[in-house]
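What follows is a walk through one protein model, starting from a helix and moving outward to what surrounds it. Keep the sequence and the 3D view side by side while reading.

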Amino acid sequence: MDRLRMRAFSIICCLALAGCVKPTDCNTVDQLTVGTSTVQDANALLGKPTRNLGTNGTSILRWESTTHVYTGGGSSTVIQLTFGPDGKLVDKSCTTVITP
């Protein structure tokens, strides 16, 4: 019986945590427009970035996510957005790697 309770608790925790994570896929990035979108727009859409690599007044923000499937595969997505000193989006890229 304890094993069943532990499994149910684990499933509930996973579902609760999944609701806290913003989706990070390449389709989401398409909603941001170079020259118009701001850092605040990106944070509202994607959540807090994983990394901030900014230098010389430029902000380079990265969002990284990895999903694993119990069958052994998974995927990794990296979104990188570059903002100029005025806070406007200068460049955007998104890469997804799927592993079998």
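In this predicted model, the buried residues of helix α3 pack against three elements: α2 (26–29), β2 (59–68) and β3. Helix α3 itself covers residues 39–46, and its buried residues are Val-39, Ala-42 and Leu-46. These residues lie on the same side of α3, because they cover an arc of only 60° around the axis. The spacing fits a general rule. An α-helix has 3.6 residues a turn, so residues three or four places apart point the same way. On the other side of α3, Gln-40 and Ala-44 are exposed. Just after the helix comes Gly-47, with a positive phi of about 85°.

The buried side of α3 leads into the largest nonpolar core, which has 11 residues. Val-39, Ala-42 and Leu-46 belong to this core, together with Val-29, Leu-32, Leu-61, Trp-63, Ile-79, Leu-81, Phe-83 and Leu-89. At least two core residues come from each of α3, β2 and β3.

Strand β3 (residues 74–83) also has a partner in strand β4 (residues 89–99); the two pair in the antiparallel sense over 10 bridges. They form a hairpin with 5 residues between them. In the turn, Gly-87 has a positive phi of about 85°.

Phe-83 stands opposite Leu-89 in β4, and both residues are part of the core. Beyond its neighbours within four places in sequence, Leu-89 is in contact with Phe-83, Thr-82 and Leu-81, and also with Leu-32, Thr-33, Val-34, Gly-35 and Ser-37.

Key: Residues are numbered from 1 along each chain as its sequence is written. This is a predicted model: local features need pLDDT of at least 70, side-chain atom pairs count only at pLDDT 80 or more; totals for chains, interfaces and linings use all residues. Side-chain values use heavy atoms; hydrogens and water are left out. Two strands pair if DSSP finds at least two bridges between them. Helices (H or I, at least four residues) and strands (E, at least two) are DSSP runs, numbered from the N terminus. Buried means under 20% relative accessible area, exposed over 50%, partly exposed in between (1.4 Å probe, protein chains only). The arc is that of the directions from the helix axis to the C-beta atoms. Contact means heavy atoms within 4.5 Å. A nonpolar core is a set of buried Ala, Val, Leu, Ile, Met, Phe, Trp, Tyr and Cys residues joined through side-chain atoms within 4.5 Å.
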